[in-house]
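The following questions and answers introduce a protein to a reader who has not met it before. Please keep the sequence and the structure at hand while reading.

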Amino acid sequence: MKPMEKVTVPAKQGRAFRLNAGQSITIETPKGSQAADFFAFNAENVGEWLSANHTWVTTFNVKPRQGDQLLSRFRRPMLEFEKDGAEGTHDMMIAACDQFRYEFFGHEGHHPSCSENLHLAMRRIGYQIDVVPQPVNFFTNTAVLEDGSFVSPPNTVAPGSFVTLKALMDVICVVSACPFDLPVDGWPINSDSGPSELVVSVQ
Ligand SMILES: [Zn+2]
């Protein structure tokens with residue numbers, strides 16, 4: 001990829017991006033309110049992946065915040081959350097959607113999903129992976145209430161919001177524009193008007 005080239009990840013699809021250590025990736029939601037499921041793998045060993053759980057148990061916060069290091073499942077720093085242009089509206093709790101999540105909500109037939117997008121994006125650049133790690137979900141509005149309840153209020157992320165992450169090792173990042181579009185009360189995930197595209201640049 002040429003410097004600053006912008007790649008559109010179409011609504012409901014995913015794409016993989018390779019970053020060398022020191023490069024940064026910026027993910028933008030041009031229309032706003034579009035969840036970006038984010039995965040990362042060590043480019044030398046895709047058995048080492050970004051682990052949301054190992055990250056938040058180290059930062060002591062279930063939200064990724066500007067300045068945080070995002071850790072692999074071996075607790076090694078993979079990326080630094082360099083710039084948060086989305087006012088902290090992110091999540092590290094929601095598992096990537098998959099076919100069965102849509103069936104759980106009553107959908108019949110095939111539905112695109114972040115899990116499928118991850119596998120397709122990795123295969124497109126030559127990798128077969130056997131896992132769907134817990135993603136970091138940028139532009140996703142969730143909260144843990146005092147009694148432990150977990151809620152997803154309406155997605156209020158403004159158009160043009162973005163995040164920038166700096167690679168601390170050579171990594172393959174996958175960005176999925178979450179296809180969730182079911183009218184489930186209390187679980188909006190994306191904009192009421194449906195999923196939209198994301199724009200990604202590597203610099
Ligand atoms: Zn999804």
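**Strand pairing and the sheet**

Q: Which residue of β12 is the bridge partner of F81?
A: The model discussed here is a predicted one. Strand β7, residues 77-85, and strand β12, residues 161-167, run antiparallel and are joined by 6 bridges. The bridge partner that F81 finds in β12 is L165.

Q: Which are the edge strands of the open sheet?
A: Strands of a sheet pair through backbone hydrogen bonds, in either a parallel or an antiparallel manner. Here 6 strands form an open sheet with antiparallel pairing, in the order β1-β14-β3-β12-β7-β6. An edge strand pairs on one side only, and this applies to β1 (6-9) and β6.

Q: What is the average twist from one strand of this open sheet to the next?
A: The sheet has 6 strands, and their pairing is antiparallel. From one strand to the next, the twist averages 25°.

Q: Which residue of β5 stands opposite F41?
A: Strand β4 covers residues 36-42 and strand β5 covers residues 45-49; the two pair in the antiparallel sense over 2 bridges. They form a hairpin, with 2 residues between the strands. Opposite F41, in β5, stands W49.

**Overall form**

Q: How many residues does the globule rule take into account here, and what radius of gyration does the protein have?
A: The protein contains 3 helices and 14 strands. For 203 residues the globule rule gives 17 Å, and the value for the protein is close to this, so the protein is as compact as a globular protein of that length; its radius of gyration is 16 Å.

Q: What share of the contacts between residues at least 6 apart in sequence join residues at least 24 apart?
A: The C-alpha trace spans about 40 × 35 × 30 Å along its principal axes. Buried residues make up 42% of the 203 residues. Among contacts between residues at least 6 apart in sequence, the share that join residues at least 24 apart is 74%.

**The core and the helix**

Q: Which strand gives the largest share of the largest nonpolar core?
A: In soluble globular proteins, nonpolar side chains tend to be buried together. The largest nonpolar core of this protein has 48 residues, and I27, A36, A40, V171, C173 and V175 have the most contacts inside it. Its largest share, 6 residues, comes from residues 171-177, that is, strand β13. Leaving aside neighbours within four places in sequence, V175 is in contact with residues including V9, I27, A36 and L198.

Q: Within what arc do the buried residues of helix α1 fall?
A: Helix α1 spans residues 52-59, and its buried residues are A52, T55 and W56. Seen down the helix axis, these residues line one face of α1, because they fall within an arc of 85°.

Q: What takes a positive phi just after α1, and of about how many degrees?
A: Among the elements that cover the buried residues of α1 are β6 (69-71) and β9 (136-138). Most residues other than glycine have a negative phi. Just after α1, a positive phi of about 60° is taken by F60.

**Individual residues**

Q: Is E87 buried or exposed?
A: E87 lies in the loop between β7 and β8 (90-91). Its phi is positive, about 55°, although E87 is not a glycine. A residue counts as exposed if 12 or fewer other C-beta atoms lie within 10 Å of its own. E87 has 10 such atoms within 10 Å, so E87 is exposed.

Q: Is I189 buried or exposed?
A: I189 is placed in the loop between β13 and β14. I189 also has a positive phi, of about 60°, although it is not a glycine. Because it has 25 C-beta neighbours inside 10 Å, I189 counts as buried.

Q: How many other C-beta atoms lie within 10 Å of P195?
A: P195 is found in the loop between β13 and β14 (198-202). Not counting residues up to four places away in sequence, P195 touches residues including A11, Q34, F180 and N190. P195 is buried, and the number of other C-beta atoms within 10 Å is 22.

Q: How far apart in space are V151 and V7, C-alpha to C-alpha?
A: V151 has its place in strand β11, residues 150-151. V151 is exposed, with 11 other C-beta atoms within 10 Å. In sequence V151 and V7 are 144 residues apart, and in space their C-alpha to C-alpha distance is 32 Å.

Terms used. Residues numbered from 1 in each chain as written. Predicted model: local features only at pLDDT ≥ 70, side-chain atom pairs only at ≥ 80, totals over all residues. Core = buried A, V, L, I, M, F, W, Y, C linked by C-beta atoms within 7 Å. Buried ≥ 20, exposed ≤ 12 C-beta atoms within 10 Å, placed from the backbone. Helix = DSSP H or I, 4+ residues; strand = E, 2+ residues; numbered from the N terminus. Contact = placed C-beta atoms within 7 Å. Pairing = 2+ DSSP bridges. Rg over C-alpha atoms; globule rule 2.2 N^0.38 Å. Arc of directions from axis to C-beta. Axes fitted to C-alpha atoms, helices over the stretch in contact; angles between N-to-C directions.
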